[in-house]
Amino acid sequence: MPGTEPAEAEKPVFSARNLSIFARNGQKRIRIVSDVSFDIAHGEFFALVGESGSGKTMIARAIMRLLPRHMLEVEGELSFQGRPLADLPEAEMRKLRGGAISMIFQEPMTSLDPLMPIGRQIEETLEIHSDLGRKARLDRIKELLSEVRFAEPAKTAMLYPHELSGGMRQRAMIAMALANNPTLLIADEPTTALDVTIQREVMEIIYRLKEKHRLSVLFISHDLSLVHQYAETVGVLYGGVLMESGPEEKVIGRSAHPYTAALLNCVPRRRIGDERRSGIAGAVPSPLEWPPGCRFKDRCEYAGTDCAAGSIPIEERDGDWTIRCLRPLT
Amino acid sequence: MKFDFFNLKFILGGLLLGLVLFLAIFGPILTPHTANHQSLMDSLVPPLSEGHILGTDHLGRDILARMISGARVSLAIAGSVVLISGVVGVLIGALSGYLRGTWDLVTQKIVESFWAFPPILLAIAILAFFGQSLTNVILALTIQRWIPYSRMARAQAMVLRSRAYVEASSVMGGGLAWILRRHILPNLMASAIIVGTFSMATAILAEASLSFLGLGVPPQIATWGGMLAEGRSYITRAWWLAVMPGVGIFITVLSLNLLGDWLRDQYDPKKNLNLV
Amino acid sequence: MLNFIVSRVLGAIPVLLIVTMAIFGLLRLAPGDAADLLLPDDATDEQVEEMREAWGLDRPVWEQYGRFLGNLASFDLGESYRYRAPVFDLILDRLPATLELSFYALLVAILVSVPLGMIAALNKGKIIDALVSVFSISGVSAPSFWIGILLVLFLSGYMNLFPSSGRVPYGWPVPEVTGFVTLDALLAGAFDKFVEGLSYLALPALTLAFAMIGIISRITRSSVIDAGQEEHVFTAVAKGMTRRAIVRRHLMPNAAIPIITIIGLELGALISGSIIVEVVFSWPGIGTLLFQAISVRDMPLTTGIVASYTVFFILLNLMIDIVYTMFDPRLRSNKG
């Protein structure tokens, strides 16, 4: 594996090296994600942040190899526990999905099968990945449901998705994702569709389970306040490029990249006199017309002519902080 | 809205419908024969014979001339049925959706009851009791056909009435007729045309079925369904008697279904408007 | 659930009232006195008087309607003057033939169209999908009686594979138990007679199925495609399920709901279609009975058949509605 890792003692659970994703449309090949590299250590809470269209969901799905192959192509290396995922035969990959790597989604309303009771849907995951007997499976389902704070797990297992609220459904999804003691949990905007109070509840559950089981979490979000609160490491994605990545206190606390700073500026803050904007002027450019050089330069107030000149080099600081910018703020 | 005219459904549907319309309009100029002229000397002449390109029937009547008559009857009846049921259905539905309340409740129950009759059966009953005539056929075919329009119009009017500009003009004192004409009805046109295209297809099938059963227009008028019913007895001796009128019905209905599909795709590829 | 059934049944009552009122209205509005309509042209004056009395034609309209309703409820549909027998008995007598034909037609339609639609959906955009589309749009565009005639021409006329009309050959030896020819043959243990019965059913059932195949395969295709795009299917993939297991456990059950709905809606087409198909194949069911009744202006019989077909259709729809609700847990508890 190229590059030196900060923590030599332990290999990362997951690592992405020069990941690029292309959409294929007939003869055309459009680059959606370019050259993204990051690692997630054992028990680490890694947040991938970006606006919609930044390619963050694509990355999550690429890890699970859930992208339709005839439409999307993946380049670069994704490896899980040192094994490159691209080379795994489909049957091996299926063993990982829902097993060592599991996933929860943005829409708890539609992510569960409306015709099947919750318990049965959890049981399916157990049937695929474990050799527990029927009785043991039912016990496990109850255990899982109480772990995501259902007061009456036996009763909840019998319910259909429409009988649960959005937050309850998301908790049931988490129970399902945890069924086979995964090593890596991919959470794709798990709280976006929920009310603020329920968001906290779901986040607390994810965090508590992460602590308890030493779970690695890839948390995908556009909500910087949640990221600030829970993430240990942050990657900021813009237009399919990783703009800045590193420990939360550095990326969020001392943001060097103008884009990270601009994003943070959009988050409502209470400090009096702080200038606040409701959003960054302009829109994310379409993958069909990426500008040359830095993709953020047209919306960046610090951009100069050199920003359009060509590919922007990555600046490394302290061995754990990378910034892809010619004019870092700090 | 941009229409995609380089579409197989549109080209094929348009060509076929164009052909049928052309025959129906200019047909009488194209053939020297009339639909009911009998000539027992020339009975059961096969197609592609001299003077009778599609052959003749058991009474020596020219099949092409009868096919043209059938096309005219079919299109005229189906056309009137679609027009009447469209106007009636859209108005009733738009009113139900816009006014709601008692009017809506009552019309909904009536709609449900009309819909409770198996299709065709009500038409058969009407013709059986009232006798056969052009008006009765049109009445019999219209009686259930306004319902799909009224359902569509009701659903869309309910959405429209809560739109800001409709509410605004109602607050500003726009009368019911004005709001309907100005805001509701124009917005229903696209859907009404789509429903109408499919409805025209089923109306032609229904008219043909009634004529086949001998319940359509009076028997002295040549219709596709009637020709099929008569030709059935000669099927092993003269296949064209039963094949030709069926082809006429089939290509007309097919062209309308293709055009309806195409229109629906143009309007909204995801939405599934009711096929009936 | 019980509440739902009760509310559906209660909801059907006004519909039944309006429908019977409409049929009664037809009788009243038709040109001429109902007594003239309901009696043959050569009826004597006494017969006319008798009829007026029986139908209460000298009474107010509402009372007449009440009487009509009462007669319907007690299965007294009057007497056919053509057959000189009670209308209800005549209908009951022909019912098995129609039901048997409809059953096989529906069976053929479902067995052909559901797999066809599934294959098209799972191979969306490929040649096979296009072929199924062409087939289904042709199916809805071709009149069933024409298809029937063509089938007779080719399969019966040219190839002599199936009988072209009737239900059983002359001198059918199987004793009648249920009235269903194929079932009776099986009960009698006569397998060859079962096959023979099926050969008579083949062409009419195929014809009747044809029109339904177009619509059902189309709806199956679109509902399987829609179900496949739902997010919970994605969740199932992320669980590590195989494609086959997903199709069987998540995709098909979800796609089944719209398919069941359209099959229910198609029962109306089945009933109307059977009238015409029976006439084409001289199938001795209710459809031919209606056709004969109309051609000799046997009004009691016509009225009786129209009324019982419609009531039957309403009750059938009610049943479908309830079955469909039991299938979908969302409806089950929302309305239950």
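**Chain contacts, an open sheet and membrane-annotated helices in a predicted model**

Among the two pairs of chains that touch, chains B and C share the most contacts, where two residues are in contact if their C-beta atoms, placed from the backbone, lie within 7 Å. This is a predicted model, in which local features need pLDDT of at least 70 and side-chain atom pairs count only at pLDDT 80 or more, while totals for chains, interfaces and linings use all residues. Residues are numbered from 1 along each chain as its sequence is written, and chains are lettered from A and ligands numbered from 1 in the order in which they are written.

At the meeting of chains B and C, 35 residues of chain B are in contact with 37 residues of chain C. On the chain B side, at least two residues each come from helix 3 (101-116), helix 4 (121-130), helix 7 (176-212) and helix 9 (239-267). Helices (H or I, at least four residues) and strands (E, at least two) are DSSP runs, numbered from the N terminus. Helix 9 of chain B gives the largest share of this side, nine residues. By residue type, the side of chain B that touches chain C holds 26 nonpolar, six polar and three charged residues; here Ala, Val, Leu, Ile, Met, Phe, Trp, Tyr, Cys and Pro count as nonpolar, Asp, Glu, Lys and Arg as charged, and the others, Gly among them, as polar. Chains A and B, in turn, are joined by no contact, and their closest C-alpha atoms lie 18 Å apart.

For chain B, an unreviewed UniProt entry lists "transmembrane region" at residues 6-31, 75-99, 119-143, 192-217 and 238-259; such annotations may be inferred rather than shown by experiment. In the model, residues 6-31 of chain B are 88% helix and 0% strand, with end C-alpha atoms 34 Å apart. Residues 238-259 of chain B are 95% helix and 0% strand, and their end C-alpha atoms lie 33 Å apart.

Chain A offers a sheet to follow by eye. Its eight strands form an open sheet in the order 6-7-8-3-9-10-12-11, with mixed pairing; two strands pair if DSSP finds at least two bridges between them. Strand 6 (101-104) and strand 11 (315-317) of chain A stand at the edges with a single partner strand each, so one side of each has no neighbour in the sheet. Within chain A, strand 9 (residues 233-238) and strand 10 (residues 241-247) run antiparallel and are joined by six bridges. Gly235(A) stands opposite Ser245(A) in strand 10 of chain A.
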